[in-house]
Amino acid sequence: MSSSHTAVIVNPIKQVDLATFRRTVTDALEARGVEKISWFETTADDAGAAMAQQAIAAAVDLVLVAGGDGTVRVVCAELAASDIPVAVLPAGTGNLLARNLGISLDLQTALDEVLDGTEQRIDSVRISGDLPDDRFLVMAGVGLDAAIIDDAPDELKKRVGWAAYVLSTLKHLNHPVIRVELTIDDRPPIRRRARTVVIGNVGTLQANIPLLPDARADDGIIDVVVLAPRRVSHWPRLVLGLVVKRWRERHLERFTGRRITIETRAPARRELDGDTIDPGRVLIAEVDPASVLVRIPTT
């Protein structure tokens, strides 16, 4: 690793022992010859945007971001097209970007992997519609997906991790159907009655569930899945369709494109990279190829 100035952006809420975290990261950076370390902590009012802007203004050589997918999303959205590499230290509940990039969830191992790793460009996804323009790196969801995230208690997530989402899923298996019009690139619209629609830049969930098995962070396209079980009794077959790629399940459909528009008849719950956003009717996702430079483990 060659980096004379590294910025560390950390979500302090995600660290059980912030002092120990700082010592561990400092030791790892100094052992690799880093001359200057700038520390930034996110706040309840700013999940990382101002901190990333300060890192850009300081012309740092590397940004380490320690937090969940929401913190990583905000930081990477600011760093997109900056040519400053981002190294993810997973410290959240889902940690889906880290999982899909092959980064360990153990801090010391993750530090070794990203500091001694290689650089790779990955896509980000621009978001617009009836919401402020934004980006995501993992997934955006409408309907059940957002309800699961919104209703997983923070205290339960702290105690049992991503298993809190499993409990929330069981609670919402009968989530109301939403009427959706899905437009992919310039193709004719597709109309469905669905429980949820998820757009993915990556495709693997916790427990290695391949929600979008063909999704890759660097392929220049985005994937979308429509889950439309009519009754609770349809869920077992649908889950089988998720985990067995060759299994054909009529309540599960997948598509790919570069620009995907989701329009719902009534306002629906929505989320970006594990953070809920205001309900709405229109979500437009467009891939921005190779816009974020990340550090990944050397294979």
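This report walks through three spots in a predicted model.

## Helix H2 and its buried face

Let's begin with helix H2, which covers residues 49–57. Four of its residues are buried: Ala49, Met51, Ala52 and Ala55. Looking down the axis of H2, you would find the buried residues within an arc of 165 degrees, so they line one face of the helix.

What lies over those buried residues? The cover includes three strands, E1 (5–10), E2 (36–41) and E3 (62–67), together with helix H3 (69–79). After H2 comes Ala59, where phi is positive, near 55 degrees.

## Trp39 in strand E2

Strand E2, one of the elements covering the buried residues of H2, is also home to Trp39. This tryptophan has a relative accessibility of 21%; buried means under 20%, so Trp39 counts as partly exposed.

Leaving aside residues up to four places away in sequence, Trp39 touches Val8, Phe21, Arg22, Val25 and Thr26. Met51 of H2 is twelve residues from Trp39 along the chain, and the C-alpha atoms of the two are 9.1 Å apart.

## Asp273, a buried acid

Now for a loop: Asp273 sits between strand E13 (259–272) and strand E14 (275–296). Asp273 is buried but has no salt bridge. Its nearest side chain of opposite charge belongs to Arg73, 4.6 Å away, while a salt bridge needs the atoms to be within 4 Å.

Asp273 does have a polar partner: a polar atom of its side chain lies 2.9 Å from the backbone nitrogen of Val138. Beyond residues up to four places away in sequence, Asp273 touches Asp69, Gly70, Arg73, Phe136, Leu137, Val138 and Met139.

Definitions and conventions. Residues numbered from 1 in each chain as written. Predicted model: local features only at pLDDT ≥ 70, side-chain atom pairs only at ≥ 80, totals over all residues. Heavy atoms only, no water. Buried < 20%, exposed > 50% of the residue type's maximum accessible area, 1.4 Å probe, protein only. Helix = DSSP H or I, 4+ residues; strand = E, 2+ residues; numbered from the N terminus. Arc of directions from axis to C-beta. Contact = heavy atoms within 4.5 Å. Lys, Arg positive; Asp, Glu negative; His and termini not counted. Polar contact = N/O pair within 3.5 Å; in protein donor to acceptor, adjacent residues only side chain to side chain.
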